[in-house]
Every structure is written in C-alpha cells, then in structure tokens.
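Reader: Could you take me closely through one part of this model, the loop that follows the opening helix, and then set it beside the core and the pocket?

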Amino acid sequence: MSMHNQELRLPSQDWRAYQGVLSRRVFAFIIDYLIVALLWIPAAVVVFFLGILTLGLGFFLYPVLFALVAMLYFGLTVGGREQASPGMRIMGVAIARTDGRPMDFLTAIVHLAIFWIANALLTPLILLIGLFTDRGRLLHDLLIGTVTVRRDMY
C-alpha cells in the first residue's frame with residue numbers, strides 16, 4: 001500500500017482525548033511486558049534447538065533474545081492496523097503520529113528503542129516529563145513526533 005492511498009488521520013486536539021492517558025500507559029506497559037515475557041519462553045526454546053543445530057552458534061542469540069521478541073511484538077502491534085499493542089488496546093489507548101500518517105513497523109521499533117535508551121541514560125525518572133508536557137507526551141514521543149491518545153476519542 002503506498003502512502004498516497006493512506007488516509008491522513010491527525011490526533012485529536014480535544015483535551016479529553018488525553019485525560020488519564022499517563023496512568024493508562026503505565027498499566028499498558030506492565031501488561032505488554034508480561035506478554036513479551038511469556039512470548040520469550042517459546043522463543044528461548046526455539047533458540048535452544050537452533051543452538052544445537054548450529055553447533056552452538058545459535059546460543060549467541062540469548063543475550064539479545066528478549067529485545068528481539070519485544071521489537072517484533074511492538075513493531076507488529078503498534079506498527080499494525082490497530083496502532084496499539086494488546087496492552088494498549090486493553091487500556092483503551094493508541095499511538096498516533098502528529099503528522100497524521102499511520103505508525104509503521106520501523107517507526108514503532110524506533111519509538112521503542114528511544115524509550116529504552118532514554119530510560120537507560122536518564123533513569124526512569126525521565127518519565128516524569130509527561131506530567132509537564134502538553135498532552136502528556138514523554139521524551140520519546142516528543143523526539144519521534146507521536147502522541148498517545150484515548151482510542152474512544154481518536
């Protein structure tokens with residue numbers, strides 16, 4: 001599907017679309033990482049057999065396996081049609097780009113990577129920025145041009 005055929009969909013300017021989004025994001029994060037942890041288990045089993053088949057070379061995937069599973073999970077869900085991971089859908093939020101284009105696989109992965117890097121370098125206290133920005137945007141949202149919005153108002 002080319003970009004010309006996709007409909008631009010700008011996030012809402014109504015303040016009610018962002019009411020309670022920060023707390024919903026926290027619970028969505030917890031749900032999503034529980035799902036990623038559960039998905040990591042069968043992936044670890046697959047890597048174990050891959051390691052046996054490759055005479056030990058496949059075992060080098062273990063240090064990055066959780067990150068790979070998380071990237072695939074968020075890239076396919078947030079970058080998919082729903083624009084939200086399962087945890088986000090449960091909590092009733094979605095990610096929208098401020099330019100109106102839909103999230104794609106690569107943008108979702110970059111969003112996740114910037115989140116990880118910002119938390120690693122600046123400590124999780126950087127998440128407090130959401131209390132002081134318009135629409136409750138976090139640092140990685142500001143850097144990549146996204147906003148988290150309530151699904152019922154988007």
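Author:
**The loop between H1 and H2**

At 80% relative accessibility, Leu55 counts as exposed, and this residue sits in the loop between H1 and H2. The model is a predicted one, and in it Leu55 has a positive phi of about 55° although it is not a glycine. Most residues other than glycine have a negative phi. Thr54 belongs to the loop between H1 and H2 as well, but Thr54 is partly exposed, its relative accessible area being 30%. The side chain of Thr54 reaches the backbone nitrogen of Gly58 at 2.8 Å.

A positive phi is also found at Gln83, where the angle is near 60° in a residue other than glycine. Gln83 is placed in the loop between H2 and helix H3 (86-91), and with a relative accessible area of 8% Gln83 is buried, whereas Leu55 is exposed.

The helices on either side of the first loop lead to the core. The largest nonpolar core has 26 residues, and those with the most contacts inside it are Tyr18, Val36, Leu65, Phe74, Val78 and Met88. Two or more residues each come to this core from helix H1 (21-53), helix H2 (65-77), strand S1 (93-97), helix H4 (105-122) and strand S2 (146-150), and H1 gives the most, with seven residues. In soluble globular proteins, nonpolar side chains tend to be buried together. For Phe74, leaving aside residues up to four places away in sequence, the residues touched are Asp32, Tyr33, Val36, Gly79, Ser85, Ala108 and Leu112.

H1 is also prominent in the pocket, since the record of the lining is as follows. H1 gives the most to the lining of the largest pocket, with seven residues, and the elements that give two or more residues to that lining are H1, S1 and H4. About 570 Å³ of space lies in this pocket, which is lined by 27 residues, with Arg25, Phe29, Phe115, Leu138 and His140 nearest its centre. By type, the lining residues divide into 19 nonpolar, six polar and two charged.

His140, one of the residues nearest the centre of the pocket, has its C-alpha atom 17 Å from that of Pro102, the two residues being 38 apart along the chain. Pro102 is found in the loop between S1 and H4, and Pro102 is partly exposed, with a relative accessible area of 29%.

Definitions and conventions:
Residues are numbered from 1 along each chain as its sequence is written. This is a predicted model: local features need pLDDT of at least 70, side-chain atom pairs count only at pLDDT 80 or more; totals for chains, interfaces and linings use all residues. Side-chain values use heavy atoms; hydrogens and water are left out. A nonpolar core is a set of buried Ala, Val, Leu, Ile, Met, Phe, Trp, Tyr and Cys residues joined through side-chain atoms within 4.5 Å. Buried means under 20% relative accessible area, exposed over 50%, partly exposed in between (1.4 Å probe, protein chains only). Helices (H or I, at least four residues) and strands (E, at least two) are DSSP runs, numbered from the N terminus. Contact means heavy atoms within 4.5 Å. A polar contact is a pair of N or O atoms within 3.5 Å; within protein, one must be able to donate a hydrogen and the other to accept it, and residues adjacent in sequence count only if both atoms are side-chain atoms. On a 1 Å grid over the protein atoms alone, a cavity is a set of points where a 1.4 Å probe fits but cannot get out, and a pocket is an open set with protein on both sides within 12 Å along at least five of seven lines; lining residues have an atom within 4 Å of a point. Grid points are joined across faces, edges and corners, and a volume is the space filled by probe spheres set on the points. Ala, Val, Leu, Ile, Met, Phe, Trp, Tyr, Cys and Pro count as nonpolar, Asp, Glu, Lys and Arg as charged, and the others, Gly among them, as polar.
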